[in-house]
Amino acid sequence: MASDPKTVEFILDQLNAAGADVSAKKMFGEYGLYLDGKMVAMVCDDQLFVKPTPEGRAFTGPIDEAPPYPQAKPCLLIDGDRWDDGDWLAELFRVSAAALPTPKAKKAK
């Protein structure tokens, strides 16, 4: 089941209002969420999954983890009730993005 674009729009609005410059890219009916060129999270089946980092886990405290799609590694599953707190969500994205490696440059064709 593909995610509703309104779900992604709501999350982006919350993050942008909190000062995070986040973008989304549609991928196979779901969405990748990017901060500073790094894919930090995914929206799959209208659920928000943040890439796990030690810093992100420390920020969130105890939190459920689940794979965003079959055979995927578990990610931090952010409950829909937390989406309303744009400041908290933006800080989670910033902390997680800072801990993720910079993507490799694509080779020119």
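Biologist: Which residue follows α1, and what is the sign of its phi?
Modeller: In this predicted model, α1 is followed by G19. The phi of G19 is near 95 degrees, so a value above zero makes it positive.

Biologist: What makes the span of α1 close to the expected one?
Modeller: Helix α1 covers residues 5-17, which is 13 residues. The expected span is 1.5 Å times one less than that number, which gives 18 Å. From first C-alpha to last, α1 reaches 18 Å, close to that expectation.

Biologist: What caps the N-terminal end of α1, and how do you know?
Modeller: D4 does, through a side-chain oxygen 2.9 Å from the backbone nitrogen of K6. A polar contact needs an N or O pair within 3.5 Å, and 2.9 Å meets that cut-off.

Biologist: Which residues of α1 are called buried, and which are exposed on the other side?
Modeller: T7, V8, I11, L12, Q14 and L15 are buried, meaning under 20% relative accessible area. On the other side, K6 and A17 are exposed, which means over 50%.

Biologist: Why do you say that the buried residues line one face of the helix?
Modeller: Seen down the axis of α1, they fall within an arc of 160 degrees, so they line one face. In general, an α-helix has 3.6 residues a turn, so residues three or four places apart point the same way. The buried residues of α1 pack against β1, β2, β3, β4 and α3.

Biologist: Which members of the largest nonpolar core touch the most others?
Modeller: Among its 25 residues, these are L33, L48, V50, I78 and F93. At least two residues come from each of α1, β2, β3, β4, β6 and α3, and α3 gives the largest share, six residues.

Biologist: What is F93 in contact with, leaving aside its neighbours within four places in sequence?
Modeller: F93 is in contact with L15, V22, L33, L35, V40, A41, L48 and V50. For each of these, heavy atoms lie within 4.5 Å, so the pair counts as a contact. Another core, of seven residues, lies apart from the largest one, and includes M39, C44, F49 and C75.

Biologist: How do you know that β3 and β4 pair, and in which sense?
Modeller: Pairing needs at least two bridges; β3 and β4 have four, in the antiparallel sense. One of the bridge partners in β4 is L48, which stands across from V43. The two strands form a hairpin with two residues between them, and D45 in the turn has a positive phi of about 50 degrees.

Biologist: How many bridges join β4 to β6?
Modeller: Three, and these strands run antiparallel. V50 stands opposite L76 in β6.

Methods: Residues are numbered from 1 along each chain as its sequence is written. This is a predicted model: local features need pLDDT of at least 70, side-chain atom pairs count only at pLDDT 80 or more; totals for chains, interfaces and linings use all residues. Side-chain values use heavy atoms; hydrogens and water are left out. Buried means under 20% relative accessible area, exposed over 50%, partly exposed in between (1.4 Å probe, protein chains only). The arc is that of the directions from the helix axis to the C-beta atoms. A polar contact is a pair of N or O atoms within 3.5 Å; within protein, one must be able to donate a hydrogen and the other to accept it, and residues adjacent in sequence count only if both atoms are side-chain atoms. A nonpolar core is a set of buried Ala, Val, Leu, Ile, Met, Phe, Trp, Tyr and Cys residues joined through side-chain atoms within 4.5 Å.
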